Amino acid sequence: MAVVKINPERLLSDLDTLRGFGRTGTGVVRPAFTKPDLEARQWVARRMADAGLNPVFDPAGNLFGLPDGDGPFFLTGSHTDSQPEGGWLDGAYGVIAGLEAARAIAEAGGPPVAVVSFQDEEGRFGMITGSQVWSGLITMDEADALTDANGVTFSEARKDIEGWHSGTLLPPSLFTGFLEAHIEQGPNLDLAKEAIGVVEMIVGTREFTVTYRGETNHAGTTPMTNRRDAVQGMAAFASKLDERLRNVVVPSTVWTIGRVSVEPNASSIVPGKVSFSMQWRDGDSDRLARMDRIIRDLVAETAEAMNLEMELSNFHGLEPVPMDAALADHVADAAQAHAPGRWRRMPSGALHDATNVASVLPVAMMFVPSIGGISHSFQEDTARDDLVVGAEVLASAVAACAGFSP
Ligand code: HGY
Ligand code: MN
Ligand code: MN
C-alpha cells in the first residue's frame, strides 16, 4: 500500500480553528444555520479555496470543494454542524481530515479530490437532512417543510444563505465514490487501544414523537385516583418498554427517549400534555420493524390504561447500509500500513451522511477513537496522535480509491 504524507500541523491547526466557531467550554454549539454554523461554513469555504478547490454551496446549505475540471472526482468529507450541545470533532474531523487528504494527495502529484461538508447532519430539522436532499432521497420542498424544536422551518433557516448558493444540487455523477472519516463516538477502539475502525455497515434507525394528552389540574387538590397525568403515562410506557423488547433485541440494539416536553411544565400543575421522542437503532431491518410494532402497541395500551389521548408524529427512518467492500478494503490496507495490528472492522452505531450518499455512490467509512467513548457531549475528545494517524490513513485510502499510488 503506497502511503501519502500529510501535514500534521496544518491538520491540527485547522481542527483547532474550526473548534472556535460556536466554542462552548471544550465543546461546540453549532446547529445547522445558526450564526456559528454559517461562519464556520464560510471559513471552511475559504480553506477549500486556499487548497485550490472551488467552494460551491447548494440550496440545502451543503458545501462542496470542487477541483477544476469536469471530473468525476473522488469525494471525501462529513459535516460541520453540531448537536445542540456538541463535541468539537463530530463531523468536523471528517471535513478537515478530508481537506488535508485532498491537499496531501495534490502535493504528492495525485489526482484532484473533492471535499464536502454536508448540512444538518445532526438533524436540527430532520435526520441527516442535507445529504438526504443531495442524494435525492427527499425533495427540497419536503426538506423545507421540516421544522426544528421551536417551529422554525428549514425553508426559513436557509434564507440566510440565499445569496451564497448556486441554486442547483450537484449531480452525483460528478463523483466516483465517497469515503468519510469520523470519530467512533463509542468505546470500542479506545478500550482496545486501537487506532482505526474500518466500518462494515451503518445501523438503521426509526424514530417518532409520542404525544399523550390527559387533563391539566391542580397538583394539591386533585386526588391521585382522579388524574389523567400525561407524565405518568410516559413513565408507565418507559417502565414497561425494556421488558416488552427483551425477546426481540440483541446486545447491540439501542433505544432512547431523548427529548421530552411537558405542558404546562409547572411543579403545582398536574401535566395535561407530554411529547417525547422515541428512537431505536439496529443493524437488521426486520428487527427494526418488529420493534416498531411492539413500541406502537405499548404506546396505545398505556394510553388506554391511563385514559389518555395519544398521537404519533414526526416519523423518521433509515435502513441499515453496508459499506462498499472494495473501498473498505482500501481503508483496511491503509490502516495496516499506518497502524499495523491496531485496527479492526466494525459496525457504526451512529448515523452518518454516508448512509444517504450510499444510495447514489459507493461509500466507505473509517473511525478514530473517542476517549471514553463519549460523544454528543462537550466532553467528546480524541488524542491528537490518533487524529493524525487517522488523517494519514484517510489520505492513503482516498488516494487508493482515486486510483493513485505515489
Ligand atoms: O445521531 C447520530 O448518530 C448522528 O451523530 N447524528
Ligand atoms: Mn457526525
Ligand atoms: Mn453526531
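**Exercise 1. How far apart are the mean positions of the positive and negative charges of the protein chain?**

Step 1. Count Lys and Arg as positive and Asp and Glu as negative; leave out His and the chain ends.
Step 2. Place each charge at NZ of Lys, CZ of Arg, CG of Asp or CD of Glu.
Step 3. Take the means of the 32 positive and 54 negative charges: they are 4 Å apart.

Ground rules: this is a predicted model, where local features need pLDDT of at least 70, side-chain atom pairs count only at pLDDT 80 or more, and totals for chains, interfaces and linings use all residues. Residues are numbered from 1 along each chain as its sequence is written, chains are lettered from A and ligands numbered from 1 in the order in which they are written, and side-chain values use heavy atoms, without hydrogens and water.

**Exercise 2. Which residues coordinate the manganese ion (ligand 2)?**

Step 1. Look for donors: N, O and S atoms within 2.8 Å of the metal (3.2 Å for Na, K and Ca); water is not among the atoms, so sites may look incomplete.
Step 2. Read off H79 (NE2), D90 (OD) and H182 (NE2), at 2.1 to 2.3 Å.
Step 3. Write their spacing along the chain: H-x10-D-x91-H.

**Exercise 3. Which manganese ions does D90 bridge?**

Step 1. D90 bridges ligand 2 and ligand 3, manganese ions that lie 3.4 Å apart.

**Exercise 4. Are H79 and D90 buried or exposed?**

Step 1. Apply the cut-offs: buried is under 20% relative accessible area, exposed over 50%, partly exposed in between (1.4 Å probe, protein chains only).
Step 2. H79 has 0%, so H79 is buried.
Step 3. D90 has 5%, so D90 is buried too.
Step 4. Set the chain beside them: 55% of its 406 residues count as buried.
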